[in-house]
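Visitor: I would like a close look at one part of this model, namely the surroundings of its cysteines.

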Amino acid sequence: DGIRDRDVTGVQTCALPIYRILTMLQQKLNILVIDDDELDRMALMRSVRKSGYNADVTTAANEKEGLIALQENEFDCIFLDYNLPESTGIDFMRSNRNKMKGAQVIMITSQGDEKLAVEAMKLGVCDYMPKNMINPDGIAQSLRYALRIRKADHDNRLIRSALQETEKKLDAVIERSFILLFAMNSRREYTMFKGHCARILKIDP
């Protein structure tokens, strides 16, 4: 048994299994909504709460309130309106992406401009939602996509960190061992020497 789910293109449908539904209910999300329109903020809050996710929703009516919220909390996902009082969601992303602490951003707009969507994606926006798609099903689909990307980013960071730690340990072993490691490029030029022997022999590429 399950509920219906749409893929990112909105074309193909499949059943969402019970274990996925239970995960949605158990996982506590922290969500920020930045939108100057009170009715749209309320619609987003209602849709998030009816989407099947267990979420705390913080709202901000402008850029300043959004920045304060980002300073005080860490969010899993941010719904960011394109039309802000003093700038645009694109400008907000350019100026404040490093303050979002890995939160996935979903751009909300009343405009269906494909070029705008492409520009937003280049800045790190993971999804782009017209306001007429703000309903529990549309929000649930967008959140699932955003959370998959967040998890993938987190897993990639862990892998990179583990690789860096392994490389440090290997370098430490090599430096204490009487071995000589070297690398050579396509022109048969030495580009790297490592190992205790390299230091003893004072070899430098």
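Which cysteine sulfur is closest to that of cysteine 77, and how many Å separate the two?

Guide: The model is predicted, with local features requiring pLDDT of at least 70 and side-chain atom pairs 80 or more, whereas totals for chains, interfaces and linings use all residues. Residues are numbered from 1 along each chain as its sequence is written, and side-chain values use heavy atoms, without hydrogens or water.

The closest cysteine sulfur belongs to cysteine 126, and because it lies 5.9 Å from the sulfur of cysteine 77, it is too far away for a bond. A disulfide requires sulfur atoms within 2.5 Å, and the structure holds zero disulfides. Cysteine 126 likewise takes part in none, its nearest cysteine sulfur being that of cysteine 77.

Both residues are buried (under 20% relative accessible area with a 1.4 Å probe, protein chains only; over 50% is exposed, in between partly exposed). Cysteine 77 has 1% relative accessibility, and cysteine 126 has 6%.

Cysteine 77 begins strand 5 (77-81), while cysteine 126 lies in strand 7 (residues 125-130). Strands here are DSSP runs of E, at least two residues, and helices runs of H or I, at least four. Strand 5 and strand 7 belong to an open five-stranded sheet with parallel pairing and the order 4-3-5-6-7; pairing requires at least two DSSP bridges. Strand 6 therefore stands between strand 5 and strand 7 in this order. Strand 7 is an edge strand, as is strand 4 (54-60), each pairing on one side only.

Although it is at the edge, strand 7 is largely enclosed by the rest of the structure, because five of its six residues are buried. Its parallel partner, strand 6 (residues 104-109), is joined to it by five bridges, and across this pairing isoleucine 108 stands opposite methionine 129.

At the other side of the order, strand 3 (residues 28-34) and strand 4 are also parallel, pairing over seven bridges; there leucine 29 stands opposite alanine 55. Helix 2 (residues 38-49) lies across strand 3, strand 4, strand 5 and strand 6.

The largest nonpolar core (buried Ala, Val, Leu, Ile, Met, Phe, Trp, Tyr and Cys joined through side-chain atoms within 4.5 Å) has 22 residues, and those with the most contacts inside it include Ile78 and Leu80. Strand 5, strand 6 and strand 7 are among the elements giving two or more residues to this core. Beyond its neighbours within four places in sequence, leucine 80 is in contact with Ile34, Phe92 and Ile108, among others, contact meaning heavy atoms within 4.5 Å. A second, separate core of 21 residues includes Leu29, Leu44, Phe79 and Ala146.

Definitions and conventions
Axes fitted to C-alpha atoms, helices over the stretch in contact; angles between N-to-C directions.
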